[in-house]
Amino acid sequence: MKHRLGRLMAGFILFMLILAIQGQCAGEVSGTVLKIGSPSVVKSASLLGDSSLGVFSHLSNPTLMKMAENGSIVGLTADRAEVSKDGMIWKFFIRDNFYWSDGEKLTPDDVMFTFNYLADKSPSAGWIKKTVENISVDGNAVVFKLNKPYSRLNLEFATYTILPRHIWEKIDKPLEYVNNGEVVGFGPYYISKIDTDAGVIYFKKNPYWKGSSPYFDSIEIHTFSNMDVLSMALEKGEVDAFYKYAGSYPYTSIQKLKDTGNFDFIEKDNIGLTFLAMNLKKEPMSDLEFRKALSYALNYSEILNLDALGYGQVPNAGFVPPSMMDFKETRKLQYNLSKARELLSEAGYKDSNGDGILDGKDGKAIKLTFLTRTDYQRPTELVIGYLKDLGINAEIKSVDSSTWIKQKDAYEYDMTITRSTPWGMLMHANWGTGYFDSTRTGEGVLHNVDDPAFLKLCDGILAATSQSELKEYAYQVQDYYAANLPGIALYWSRIVTPYNKVFTGWYSDPLYGIYNVDSFLEVRKA
Amino acid sequence: MSPAKKRLLRCILALFLIVSLNFIIPRSMPGDPLTNLLGEDAYLTEGSASELRSLMGLDLPLHEQYLAYWRSILSFDLGYSYHLHSSVSSLILSRMKWTLLLAVPSLSAGAIFGTILGGLAGWKRGCGMERVNTAFFLMIYCTPPYFLSLLALYLFSFRLGLFPLKGLYSTGSFLDIAHHLMLPILVMSLFSVSRNFMIMRGSVLVERRSLYAAYARAKGLYGNEILFRHCFKNALLPIITIIALDFGFIFSGALFIEIVFSMNGMGNLIYDSLLSRDYPVLQGSFLIVTIMVILANLLADLQYSRIDPRVRWQ
């Protein structure tokens, strides 16, 4: 028996060695390849249904507009955009030199088709049907006639990929359409294969691309279910750069990469942020004085250092980070426990029985429910500690994402910590309004502000017809946040994107980070 | 009614109850498939939301949903996943093949090596090799699977470069797939071997003190002969149930291993659908797991009676 086992083991080890050698040979590929590692796993090859693939497809099917480094919206597929004085008609002038990867020319008709098609068939683009009365083609321009002014239309169009009419008009149910093979695109690269089992999206050079030629023959996006393994792949050189939409490389792993000496980092202020949200329908959160006191009770530097390892800055009461357009300097949030206590005392929150716990205005001891998810466990524990210092008891209710959404929508919480994504900050009336406006719904949306003054501000922004008007509204929104504190920013973070030093030319935009057409046209081997 | 018929009836009743529970449990959790469908910063108008709700059948009263659920099961239709944009049956089939490739060799290796090594360790208790083996397998048995998988990946893939860091394949050839699966299989086998080793060792320790073992020794049989001819069969009884359950749960996948090695298996599928409240996928996966567990238990019962005459006589 022992001999048999020994022989079996020897055979097994030999087989492993053969496999290892074979595997190393199989890994060698021809041509120049740029490999991006990402934790955003593509779960199905559905271009319009899978949110990760939706972002990755921006390289093959660019958007109509794009966000420039300073946050302004400029043309991409469109050369430029014009809006009528009353804000009711938008014209997007389509560039003449784009060709689909199957040789067909991209026309304004494709653009018109895309938005009609999405309005009709994509649930997340349902707003188009409600806002756009008619889409037509006028020469090389696509004209959107609106039923009410909508100042953010060009911004919205920085997120939707353009689809080829000759392919997609045959697809009746886009959400059920899955294609693992070639995706006809007009960007510098097109998707040649989506292999969810291998965890790779393959891009090839678009043979009909007329712009400046990209430096790599192909691009591969390698997705990893586990961040630790992705870090190993980066360190080992199996992927050349990291990308995550709305997210940074883990702050805790940065030093390890730095120590190798092989990596450089792009550091950008994040448009999105981590914030404390409150249920304004319930006491004492509905009391402005309570919220003000709370804003002094949080140790922002400590949260920043412990939760983001100092990659960021202490925020302002105006919520909106300086990386957003039309940022206004408002009161810097500061930790001042005695001031917080003083404010609470003045507002009538007293500890009547001397047990160290403050009583609410109803005379009962305050006990709050702090709804949280595992991703926010650390800042939650810190905030609970600060509340305790203030004399407020809070109980943590840790739930999964779906339960959080359900309970948040049903207002079954007192406080919660959540984050905003770059697009989240820009959606609706911009400057984070989409998270607070009570008329909105959505997975991350808190819809906790029904103050008519705030809603009027949102309507004003949406109907604004000039940049100066928008700027004025932006300032008013930030003043509103600073005065009313519907949410308290815990820190303004930075997005850190590591890449192998061998590659240079990366460009990062505020909305999609390094994942943009310009970046992939410029990146090359040093 | 014969015992076999009784057993079959019990299985059918269990199947009915569990399949009903498969319908109830996902719906008892907060949220529904629409809750997590579009991403955290997507906006859904009321019209689009109700349209999707009706498309998913979520607007129907619960009893109608339950009847529709049974109707689709009886017509072998497991439904459609709006999260993964595919019919549940094709999703499960595509994931099942990878899970089988991972789990069958691991559990088989675990069953064979675990029982043999565990049996030898129990029989030769106190010798140097036995002590080393027991300490090693006890250590593996106590290590969290996630940690061990990560450690194995760090050593063999990252440091030594013997295996790939992730995925099921690169080129898709047989050797390439085997190369990708080898390390996860090794890790999963280690767990299976260590668990079976500990149980089998304990079981043989009891058997070796039995009178029949002493009698065999008195007859002049050698140590290993007594173990493999007499004690092994009796010591095997507790492990049969465990191995049967292993194979019963084979389609539930190995979540931690799948996450660490970025593999598209059943474990990941069930976990993701649980988080996104993807009812059709949850129901379909649980149905398969249920049928497998019931079948495996049935087989274990039959196997028991084949091995142990006492059970047969009862």
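**A short tour of three helix stops**

Start in chain B and select helix α9: its buried residues pack against three helices of that chain, α4 (88-123), α7 (174-207) and α8 (211-219). As you look around, keep in mind that this is a predicted model.

Now show the side chains of α9(B). Which residues are buried? They are Ile226(B), Leu227(B), Cys231(B), Phe232(B) and Ala235(B). Next, look along the backbone of α9(B), residues 223-235. If straight, a helix of 13 residues would span 18 Å, but α9(B) spans only 15 Å between its end C-alpha atoms. Click on Arg229(B), where α9(B) bends by about 35 degrees.

Stay in chain B for the second stop, and select α5 (residues 128-142) along with α7(B). Their axes come within 8 Å and cross at roughly 120 degrees; α5(B) and α7(B) are therefore oblique to each other. The crossing is left-handed. To see where they meet, pick out Thr134(B), Phe137(B), Leu138(B), Ile140(B) and Tyr141(B) in α5(B). Their partners in α7(B) include Leu190(B), Phe191(B), Phe197(B) and Met198(B).

For the last stop, move to chain A and select helix α10 (residues 300-308) and helix α12 (residues 377-390). How do they pack? The angle is about 155 degrees, and the axes are 10 Å apart. That makes α10(A) roughly antiparallel to α12(A). Here the crossing is right-handed. Finish by showing Glu302(A), Ile303(A), Leu306(A) and Asp307(A) in α10(A), which meet Arg378(A), Pro379(A) and Leu382(A) in α12(A).

Terms used
Residues are numbered from 1 along each chain as its sequence is written. Chains are lettered from A and ligands numbered from 1 in the order in which they are written. This is a predicted model: local features need pLDDT of at least 70, side-chain atom pairs count only at pLDDT 80 or more; totals for chains, interfaces and linings use all residues. Helices (H or I, at least four residues) and strands (E, at least two) are DSSP runs, numbered from the N terminus. The expected span of a helix is 1.5 Å times one less than its number of residues. The bend at a residue is the angle between axes fitted to the seven residues ending there and the seven starting there. A residue is buried if 20 or more other C-beta atoms lie within 10 Å of its own, exposed if 12 or fewer, and partly exposed in between; C-beta atoms are placed from the backbone. Two residues are in contact if their C-beta atoms, placed from the backbone, lie within 7 Å. Axes are lines fitted to C-alpha atoms, for helices over the stretch in contact, and angles run from 0 to 180 degrees between N-to-C directions. Angles under 35 degrees count as roughly parallel, over 145 as roughly antiparallel, 65 to 115 as roughly perpendicular and the rest as oblique. A crossing is left-handed if the near helix is turned anticlockwise from the far one by less than a right angle, and right-handed if clockwise.
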